[in-house]
Amino acid sequence: MLLGGGYDEEGVMRFGLAVQSIPARLAPEAVKRVLNHYIANRTAGEPFREYVMRFKVEFFRLATADLAKPMEIEPELYQDWGDDTAFSLQLGRGECAA
């Protein structure tokens, strides 16, 4: 999960900050948590990137830690939706990346 990518205050395009790896099937829950926190805690007119920089990576890592489950606990989370191919580190079918 990468957060906060976009133009910085000087107009330079920046990559998002790497928070942690989350199974693709749990990405919607991670996005929901982050957006709900943003809506509740942003300052007036604060862009998302600035909000992410203010709260720092460690906050988001802790907020989604339970979603970064090891494969041994719930192996079905590491299969792409509608696919019966297990997760692998090779790009392509079975990649399970979000």
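**Exercise 1. A salt bridge in the first helix**

Which side chain meets that of Glu29 in a salt bridge, and at what distance from N to O?

*Solution.* Before we start, a word on the model: it is predicted, so to speak, with its own house rules: local features need pLDDT of at least 70, side-chain atom pairs count only at pLDDT 80 or more, and totals for chains, interfaces and linings use all residues. Residues are numbered from 1 along each chain as its sequence is written, and side-chain values use heavy atoms, with hydrogens and water left out.

Step 1: find the partner. The side chain of Arg33 meets that of Glu29, at 2.9 Å from N to O. (A salt bridge is a side-chain nitrogen of Lys or Arg within 4 Å of a carboxyl oxygen of Asp or Glu.)

Step 2: place the two. Glu29 and Arg33 both sit in helix H1, four residues apart, which is about one turn of the helix. (Helices are DSSP runs of H or I with at least four residues, strands are runs of E with at least two, and both are numbered from the N terminus.)

Step 3: check the cover. Glu29 has a relative accessible area of 27%, so Glu29 is partly exposed. Arg33 comes out at 25%, so Arg33 is partly exposed too. (Buried means under 20% relative accessible area, exposed means over 50%, and partly exposed is in between, with a 1.4 Å probe and protein chains only.)

**Exercise 2. Glu46 and its partners**

Find where Glu46 lies and what its side chain touches.

*Solution.* Step 1: Glu46 is in the loop between H1 and H2. Its relative accessible area is 8%, so Glu46 is buried.

Step 2: the side chain of Glu46 reaches the backbone nitrogen of Thr43 at 2.9 Å. (A polar contact is a pair of N or O atoms within 3.5 Å; within protein, one must be able to donate a hydrogen and the other to accept it, and residues adjacent in sequence count only if both atoms are side-chain atoms.)

Step 3: Glu46 also forms a salt bridge with Arg54, 2.7 Å from N to O. Arg54 has 38% relative accessibility, so Arg54 counts as partly exposed.

Step 4: now look for a network. Salt bridges that share partners join Glu29, Lys32, Arg33 and Asp66 into one. The full count of salt bridges is six.

**Exercise 3. One more bridge**

Which residue forms a salt bridge with Arg14?

*Solution.* Step 1: the partner is Asp8, with 2.9 Å from N to O.

Step 2: compare the cover. Asp8 is buried because its relative accessible area is 10%. Arg14, at 37%, counts as partly exposed.

**Exercise 4. Rings that meet**

How many aromatic pairs are there?

*Solution.* Step 1: the count is seven. (Rings of Phe, Tyr and Trp, the last with its six-membered ring, pair if their centres lie within 6.5 Å; planes under 30 degrees apart are stacked, over 60 edge-to-face and the rest tilted.)

Step 2: take Tyr38 and Phe48, an edge-to-face pair with 5.2 Å centre to centre and 85 degrees between the planes. This pair links distant parts of the chain: Tyr38 is in helix H1 (residues 27-41) and Phe48 in helix H2 (residues 48-63), 10 residues apart.

Step 3: Tyr38 has 12% relative accessibility, so Tyr38 counts as buried. Phe48, at 25%, counts as partly exposed.

Step 4: why is the pair of Tyr51 and Phe60 edge-to-face? The ring centres are 5.6 Å apart and the planes are at 70 degrees, so the pair gets that name. Both Tyr51 and Phe60 are buried.

Step 5: put the rings together. Tyr38, Phe48, Tyr51, Phe55, Phe59 and Phe60 make one aromatic cluster.

Step 6: look at the face of Tyr38. Arg42 lies over that face, 5.1 Å from the ring centre. (A charge sits over a ring if NZ of Lys or CZ of Arg is within 6 Å of the ring centre and within 35 degrees of the ring normal.)

**Exercise 5. Two residues of helix H2**

Describe Lys56 and Arg49.

*Solution.* Step 1: Lys56 lies in helix H2. Its phi is near 75 degrees, a positive value in a residue other than glycine.

Step 2: Arg49 lies in helix H2 as well. Arg49 is buried because its relative accessible area is 15%.

Step 3: look across the chain. Arg49 and Glu9 are 40 residues apart along the chain, and their C-alpha atoms are separated by 9.5 Å.
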